[in-house]
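This report describes selected features of a protein and RNA model. The sequence and structure are shown first.

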Amino acid sequence: MARDPASILRQRFVEAIALAFPQLGGEAIDPGVGPSRAAQHGDFQCNAAMALGKRLGLSPREAAARIVGALRAGDLAEPVTEGSIAGPGFINVTLRPGALAGLLEEMERDGLGVPNAGGGRLAVVDLCGVNLAKQMHVGHLRSTVIGDTLARVLGRTGWRVLRQNHVGDWGLPIAMVTARLMDEPPAGGPDRLTLDDLDRAYRAAQRACEADEAGLAAARRWGMGPKALGELEAQVSGARELSERARAVLVRLQQHEPGVMAVWERIRDVTMSACLAVCARLNAEVLPEHSAGESAYGPDLAGVVEDLRGRGLAVEDDGALVVRLDAPQDGAIREPLVVRKRDGAFLYATTDIAAVRHRVQRLGARRVVYAVDARQGLHFRQFFAAARRAGYARLPDGSEALLEHAAFGTILGQDGRPFKTRSGENVRLTDLLDQAQERAAATLRAKNPDLPPDEAAGIARAVAVAAIRYADLSTERTRDYAFNLDRMVAFEGSTGPYLQYAAVRLASIMRKASERHGAEAVAPATLAAASFPCAHPAEKALALTLLRFGDVVGQCAESLEPHRLCQFAQDLAGSFSAFFDQCPVLGAEDAALRTSRLRLCGLTRAVLADCLTLLGIPVLDRM
RNA sequence: GUGCUCGUAGCUCAAUUGGAUAGAGCGUCGGCCUCCGAAGCCGAAGGUUACAGGUUCGACUCCUGUCGAGCACGCCA
């Protein structure tokens, strides 16, 4: 049960509205309840009266008056009267100090107020999306970090979460690398094969493939005669031969021919162990059991396409098989979706449709969330629509699973262009982490020279993760952002390290309290016996911030927007810092107030730690 | 050409999904450590929310148009 005051008040206002306006017939009305933005308008407000008044032909203030008359909130709020109505019909609510303390107690007891929206239902989160034979680069950073955070948030709100790493292990490029490795076995033997080797082979293969395509495209574009075309084809014949050979290997691969499979499996193992190590460094929970390669859907593809065609959803067009989606109920998408190429091969759209069916109908997912680049937006609209049309998103109970593209923007360099190295290569995630770690280590040496070197190294790792993850999660998901190492590893301002620092100061207070007054001074039983302090403005402000937590997590799970959580963490760290400045804890006037404030610190620490953990930011005791 | 996303303080970003006086951080200026970690806090300056209309009690948010930016546009993934 949600026990944050916004939820409670929301419920009370819903009841009051139903009571005041029976003509609504119990219809669900959004009461528009939320924390007030300005302290002079009380702690919470209800904005429902204006819309209701309009709808029911009453003046907004009259509607507000009726709501106020029907409202029962005396247990937690100061009396809400006609005097509480302001402006066009805002209803302002101020919590009673005693109620504030009571709500904090309830929150502390009851999962920090986080709602159980999932109720044990299954949510699949598609994240990471590495490709075989490729190093993880910045392109994978957002999918991994955002996907991991969304998975954590969904799990925290009661969803059973299944992460799926949709590994690109299927296409022609992989076959090319496989072919190349079969031709030229690695010098040190298969056991010495590294992801670097594979990465080089991949790029070489890709270049060859592009040369082939480009040559033929040029020939077609210039409308060359057979003779000239033949010469050009001779020029690209080397590349062409490679492509042909790769196609042959792809066929053998898809037939699971043992010799080819052995090479492919080696590529897979080398890639995945290296990539999962990077995920672990990013504090992202992406494990071997989450790998669900595209190849796993291979056996389903022919059946899916046959099903689509048999029901008239997929039709022939210029030799290819396409699904038309231009009907309004499909989203009026002009571009048809190709599910089978002219040469009979399937595409990633086919795989994605098969994956939806698998996730919804075999695994039972109520939500399928894709943390994937926004540039694939059209593709997602297309195959979501196709999958829905085919009924693949329908659950056994007849309800429709929610297919959600949690799209994110591009990481840019300082020049505003997509982030690349000087030589135009993708930036490796390992290099990025190394750099962030070095910066963090240097800052730590300057700020806290007393840290033992081995401890400092571990802290630098944690700070680097905080810096990178926070920078990625703190802006609206769909925005592009410019990668700026200096800004993200800064220990001040809106950064991950600043949040860690707030948690460290809280830990430090608890530690010192224990040192000075004995371990029992901070024991749960001792703290639980003290009431939360809400007399000082800074105490009340901190309390109100804490009480927002559950609602924020719930909204984050619904909107799939981690930046809300970042904003909250920032607010909380800020409220705490102000409190820390104005309200001595260890130096409080008497033992009772000290214990009381310690309890507030304990809850603050718990909420901040919970929030940071949801963001995948390590919580430290010292830094 | 069509579609998607976007345009907010000098810079980087928010804004309770239509709510009250548009808020933070960085930078600038001014205060605050004999006291719990100053990596902090308090205050000041900084805005025609690209522009023009429209919808209504109320618009950064919704609708139309203009300008500007990025991205994507059936047989790659």
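The sections below treat the RNA surface, the sheets, one helix, one loop residue and the cysteines.

## Surface around the RNA

The model is predicted, and its local features are reported for residues with pLDDT of at least 70. RNA strand B is surrounded by 62 residues, and the closest of them are Val338, Lys341, Tyr348, Phe491 and Phe580. By class, this surface comprises 22 nonpolar, 17 polar and 23 charged residues. At least two residues each come from β1 (33-35), α2, β4, α17 (496-517), α20 (549-559) and α21 (563-582). On the RNA side, sugar or phosphate accounts for 51% of the atoms of strand B within 4 Å of the protein, and bases account for the rest.

Individual polar side-chain atoms approach different parts of the RNA. For Asn92, a polar side-chain atom lies 2.3 Å from a base nitrogen of RNA strand B. The side chain of Arg487 places an N or O atom 3.3 Å from a sugar or linking oxygen of the strand. Asp581 likewise has a polar side-chain atom 3.2 Å from a sugar or linking oxygen of RNA strand B.

## The four-stranded sheet

Four strands form an open sheet in the order β1-β2-β4-β3, with antiparallel pairing. Because β1 and β3 stand at the edges with a single partner strand each, one side of each has no neighbour in the sheet. The antiparallel pairing of β1 with β2 (residues 44-46) runs over three bridges. Within this pairing, Pro35 is opposite Phe44 of β2.

## Helix α3 and its packing

Helix α3 spans residues 60-70, and its buried residues are Ala63, Ala64, Ala65, Ile67, Val68 and Ala70. These buried residues pack against two helices, α1 (5-20) and α2 (48-56), and against two strands, β3 (85-86) and β4 (90-93).

## Strands β7, β8 and β9

Strand β8 (residues 320-323) is covered on both faces: Ala320 and Val322 are buried on one side, and Leu321 and Val323 are buried on the other. In a regular strand, side chains alternate between the two faces of the sheet.

β8 has antiparallel pairing with β7 (residues 314-317) over four bridges, and with β9 (residues 337-340) over three bridges. Ala314 faces Val323 of β8 across the β7 pairing, while Leu321 stands opposite Arg340 in β9. Two residues separate the strands in the hairpin of β7 and β8, where Asp318 adopts a positive phi near 55 degrees.

## A buried loop residue

Thr157 is located in the loop between α5 (138-156) and β6 (160-165). Thr157 counts as buried because its relative accessibility is 0%. Its side chain reaches the backbone oxygen of Leu154 at 3.0 Å. Beyond residues up to four places away in sequence, Thr157 touches Val114, Pro115, Asn116, Ala117 and Gly118, together with Val553, Gly554 and Ala557.

## Cysteines without disulfides

The structure contains zero disulfides. Cys566 takes part in none, and the nearest cysteine sulfur, in Cys611, is 7.5 Å away. A disulfide requires sulfur atoms within 2.5 Å. The sulfur of Cys601 is too far for a bond, because the closest cysteine sulfur, that of Cys583, is 9.5 Å away.

Are Cys566 and Cys601 buried or exposed? Cys566 is buried, with a relative accessible area of 1%. Cys601 is also buried, with a relative accessible area of 1%.

Key:
Residues are numbered from 1 along each chain as its sequence is written. Chains are lettered from A and ligands numbered from 1 in the order in which they are written. This is a predicted model: local features need pLDDT of at least 70, side-chain atom pairs count only at pLDDT 80 or more; totals for chains, interfaces and linings use all residues. Side-chain values use heavy atoms; hydrogens and water are left out. Buried means under 20% relative accessible area, exposed over 50%, partly exposed in between (1.4 Å probe, protein chains only). Contact means heavy atoms within 4.5 Å. A residue is near a molecule or strand if one of its heavy atoms lies within 4 Å of it. A polar contact is a pair of N or O atoms within 3.5 Å; within protein, one must be able to donate a hydrogen and the other to accept it, and residues adjacent in sequence count only if both atoms are side-chain atoms. Ala, Val, Leu, Ile, Met, Phe, Trp, Tyr, Cys and Pro count as nonpolar, Asp, Glu, Lys and Arg as charged, and the others, Gly among them, as polar. Two strands pair if DSSP finds at least two bridges between them.
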